[in-house]
Amino acid sequence: MESSAEPEEPKKKGFFARLKEGLTKTRKSLSSGLNSIFSGFSHIDDDFYEELEEVMIMSDLGVRATDEILEKLKQQVKEQHIKEPADCRELLIRTIREQMDVGENAYDFEKERSVLLVVGVNGVGKTTSIGKLASQQKQLGRKVILAAADTFRAGAIEQLGEWAHRAGVDMIAQGEGSDPAAVVYDAVSAAKARHADILICDTAGRLHNKKNLMEELKKINRILDREYADAHKETLVVLDATTGQNAMAQAREFMAAADVDGIILTKMDGTAKGGIAVAIQAELGIPVKYIGIGEKIEDLQKFDADAYVEAIFNE
Ligand SMILES: Nc1nc2c(ncn2[C@@H]2O[C@H](COP(=O)(O)OP(=O)(O)OP(=O)(O)O)[C@@H](O)[C@H]2O)c(=O)[nH]1
């Protein structure tokens, strides 16, 4: 029998195909960079390790994580009497994955009545990520309410409002410059009255005054602990992957100001610095919960370290 025509390309790409496409720039820089070292060196020596280090740091895996990964690699090379550079490839990939281990990534806020505090400096894609998340949660059949508690940045409330409209969810807001804690208080009342499953709060975006930030977050947390004690609470920090090590510095500052439960890493599709996901989990020990790999709603993906490593290293 004659073979039938080529199957039509499915309209919607699967999770992994989209991830792989989103990580193209990082794959090209990191995986191809490492591959050329594995094939270019005839034996394992200091130069070989130095070149690996350079490529890893260039891809923003972070100095500390890179050092630790290479130390482990060297040890295994010694123990297993590996002589061929190419034989290090799988070992290195496995070591990177192990170094990223922060336990299983939990999404309890999808199952329980929850409140998410989403923080991040201006321009990182905080509003966009909240919009995507709200939309996804709504599609899961959950009742979502947004709180426009980033009252500092001009236009932030309108922008969140547009997302609320697009996602078909309610938003609680007061005017620009109002007290973020008061907005959260109102939003909690609304969440209780309307039996919301998840309340997502767009909060503090500024870092230049750490004390203010800390006070603001503390005040919001006090309200949540008092008024919404039975809700599962998480604080998520949004970071822009294209800013590389600067994003790490931001994460550290937010960690100093609040208990951070997870990271949303945006704009991974636009950068070769996607190794930052390794640095975050390996150096900060905080799970990356979502990554942004494009502008569409489905381009906010749950982060899976196994899939990430595979998307980058498996050709
Ligand atoms: N390619 C890509 N674009 C993104 C992603 N996340 C956000 N963006 C886009 O980046 C552009 C600018 O984003 P931001 O200025 O950070 O958006 P924002 O959410 O309004 O900013 P803040 O709320 O201040 O963080 C927007 O057009 C977004 O659609 C992503 O993961 N990938």
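**Group meeting: a walk through a two-domain model**

Okay, let's start with the record. An unreviewed UniProt entry annotates residues 287-300 as "domain: SRP54-type proteins GTP-binding". Before I go on, please keep in mind that this is a predicted model. So what does that annotated stretch look like here? Over residues 287-300 the chain is 43% strand and 0% helix, and the C-alpha atoms at its two ends sit 15 Å apart.

Now let's zoom out to the whole chain. The domain assignment splits the protein into domain 1, residues 15-99, and domain 2, residues 108-313. How far apart are the C-alpha centres of the two domains? They lie 32 Å from each other. The two do touch: 25 residues of domain 1 and 24 residues of domain 2 take part in the contact. On the domain 1 side, the elements giving two or more residues are α1 (15-22), α2 (24-40), α4 (63-79) and α5 (88-99). Helix α2 makes the largest contribution to that side, with 7 residues. If you sort that side of domain 1 by class, you get 10 nonpolar, 7 polar and 8 charged residues.

Next up, the sheet. We have 8 strands in an open sheet with mixed pairing, and the order reads β3-β2-β4-β1-β5-β6-β7-β8. Why do β3 (170-172) and β8 (300-302) each have one side without a neighbour in the sheet? They stand at the edges and each has a single partner strand, so one side is left free of a neighbour. Going from one strand to the next, the twist averages 25 degrees.

Let's stay at the β3 end for a moment. Strand β2, residues 144-148, pairs with β3 in the parallel sense, over 3 bridges. If you want to find that pairing on the screen, look for Ile145, whose bridge partner in β3 is Asp170. Then there's helix α7, residues 156-167, which lies across β2, β3 and β4 (198-202). Its direction is at about 170 degrees to β2.

Last stop, the ligand. How many residues surround the ligand? There are 20, and the closest are Gly125, Lys126, Thr127, Thr128 and Gly292. Helix α6, residues 126-139, supplies the largest share of this shell, 3 residues. By class, the shell comes out as 12 polar, 6 charged and 2 nonpolar residues.

That's the tour, thanks for listening!

Note on methods
Residues numbered from 1 in each chain as written. Predicted model: local features only at pLDDT ≥ 70, side-chain atom pairs only at ≥ 80, totals over all residues. Pairing = 2+ DSSP bridges. Helix = DSSP H or I, 4+ residues; strand = E, 2+ residues; numbered from the N terminus. Axes fitted to C-alpha atoms, helices over the stretch in contact; angles between N-to-C directions. Contact = placed C-beta atoms within 7 Å. UniProt positions renumbered as here; feature names shortened; annotations may be inferred. Near = placed C-beta within 6 Å. Nonpolar A, V, L, I, M, F, W, Y, C, P; charged D, E, K, R; others polar. Domains from an automatic or database assignment.
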